Amino acid sequence: MIIVTGAAGFIGSNLITGLNQSGYRDILLVDDFTRPDRLRNFTGKQFTALLDREDLASWMQEHHRQVQMVIHLGARTDTTEFSWEVFLELNLDYSKKIFKLCVEFGLPLIYASSAATYGLGEHGYVDSHRVVPDLKPLNPYGRSKNEFDQWVLEQEKSPFFWAGLKFFNVYGPNEYHKGRMASVVYHAYRQIRETGKMKLFRSHHPDFEDGAQARDFIYVKDVVDVILFMMEKRPESGLYNLGTGLASTFGDLVKYTFEALDKIPDISFIDTPEDIREKYQYFTKADVSKLRRVGYSKPFTSLEEGVRDYTKNYLAVQGIH
C-alpha cells in the first residue's frame, strides 16, 4: 500500500492518476474530505480507502505492516496566510509526526517542500543542505517548509530513504479549488475567456519591467513523473529541487495562453496587492543538477507545450470552474 496525504488536492490528485496509470491500485488517500469542491479530484480513481488526516497516526499504528511508501503532500499552501499558528500545526507539527512514524515503522518517505524556502534567492536556488539554515523565506508558508527541511536534516534517525521535493511553480489540472492560489495559467484562462483580456501584476521592483517577473513553471505531469521516479528508484536521500531549470516571464506565459485560445494578446497591468507586495518573489529558477545526477533524465515539458495541453485538453473540456 502507498499512503498519499493531500490526496484530494491539486498535486495529490494528479499523483493518484499517475499511480493508477503505472499500475498502482492499493492506495490510501489521506486528506480533509469534507470539502465538496474537491470531490471530483478523486472521483473515478482507483484506491483502497479514504482516511481523514486526523486519523492517520492511529491508523498507521495498527496497519503499518501493509504500507510500502508514504508520500506526504498535504499542507496549508496559502502564501497570503500570515498566521504562524496555522502553519505550525498543519505544516510543521503534522509533518514531524509523519516523519517520526516512518522512522518508527521503517517506511520510506517522500514529502513536499517548496521553492518558497529560497525567498529572494540571496543564496541562489541550489538544493544544497548546507544553505538551508541561511535561507530567508518571505512568508510564513515558506518559513514552515524551510523549518521542516532544517528539522529533518538535524535528525539522528531518518527513514532509510527520504526525499524532500522543493516544488517550484506548479500548474495543471485539478487546481480549480485553489482560488487565489491557483496558477497564473488558470487565472489567465478564466480572464481571457470571460473578457478577452488579461491583467497581470505590475512590477514594483526597479530591476524588472511589468510582466518580466520570471518563475520556474513546471507542469504537474512532470512533477508526478519525478515523484514516481523517486518512489521506484530511491536514489540518495535528501532535498531535491523540482523545477525545469528554466525561468519564464509571466508575460510569455500569458501570451502562450492567448495563443492556445486562438486570441490576440491583450495584456494590462494592475498594482500588486499590498498584503503580498513585500513578500513577492520576482525570480526563481531551479538548479536541477542534483536530480539529473541521480538519474532522472527525461526532458521537462516546455511552458508553451504545457500551457497548450492544460488549456485545450483540460480547461476547455471541463469549462470554467
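A crossing of two helices is called right-handed if the near helix is turned clockwise from the far one by less than a right angle, and left-handed if it is turned anticlockwise. Keep that handy for the exercises below, which work through a predicted model.

**Exercise 1. Work out how helices α1 and α6 pack: what is their crossing angle, and which hand does the crossing have?**

Step 1: Start with the geometry. Two packed helices are described by the angle and the distance between their axes. Here α1 (residues 10–21) and α6 (residues 220–233) have axes that come within 9 Å and cross at roughly 60 degrees.

Step 2: Name the arrangement. Angles from 65 to 115 degrees count as roughly perpendicular, and those under 35 as roughly parallel. The angle falls in neither range, so α1 and α6 are oblique to each other.

Step 3: Now use the definition from the top. α1 passes α6 in a right-handed crossing.

Step 4: See who touches whom. From α1 come F10, I11, N14, L15, G18 and L19, and they meet V220, V223, V224, I227, L228 and M231 of α6. Sorted by class, that contact has 10 nonpolar residues, 2 polar ones and no charged ones.

**Exercise 2. Do the same for α5 and α7: which residues make the contact?**

Step 1: The axes of α5 (residues 184–195) and α7 (residues 250–260) come within 10 Å, crossing at roughly 50 degrees. That makes α5 oblique to α7.

Step 2: Check the hand: this crossing is right-handed.

Step 3: List the contact. α5 brings V184, V185, A188, Y189 and I192, while α7 brings F250, L253, V254, T257 and F258. By class, you get 9 nonpolar residues, 1 polar and no charged.

**Exercise 3. Lay out the sheet: in what order do the strands run, and which ones stand at the edges?**

Step 1: Write down the order. The open sheet has 7 strands, β3-β2-β1-β4-β5-β6-β11, with parallel pairing.

Step 2: Look at the ends. β3 (49–52) and β11 (238–242) each have a single partner strand, so one side of each is left without a neighbour in the sheet.

Step 3: Add the twist, which averages 20 degrees from one strand to the next.

Step 4: Zoom in on one pair. β2 (residues 27–31) and β3 pair in the parallel sense over 4 bridges, and L29 has L50 in β3 as its bridge partner.

**Exercise 4. Which strands does helix α3 lie across, and which does α4?**

Step 1: α3 (residues 84–105) lies across β1, β2, β4 and β5, at about 170 degrees to β4.

Step 2: α4 (residues 140–154) lies across β5, β6 and β11, at about 140 degrees to β5.

Terms used. Residues are numbered from 1 along each chain as its sequence is written. This is a predicted model: local features need pLDDT of at least 70, side-chain atom pairs count only at pLDDT 80 or more; totals for chains, interfaces and linings use all residues. Side-chain values use heavy atoms; hydrogens and water are left out. Axes are lines fitted to C-alpha atoms, for helices over the stretch in contact, and angles run from 0 to 180 degrees between N-to-C directions. Helices (H or I, at least four residues) and strands (E, at least two) are DSSP runs, numbered from the N terminus. Angles under 35 degrees count as roughly parallel, over 145 as roughly antiparallel, 65 to 115 as roughly perpendicular and the rest as oblique. Contact means heavy atoms within 4.5 Å. Ala, Val, Leu, Ile, Met, Phe, Trp, Tyr, Cys and Pro count as nonpolar, Asp, Glu, Lys and Arg as charged, and the others, Gly among them, as polar. Two strands pair if DSSP finds at least two bridges between them.
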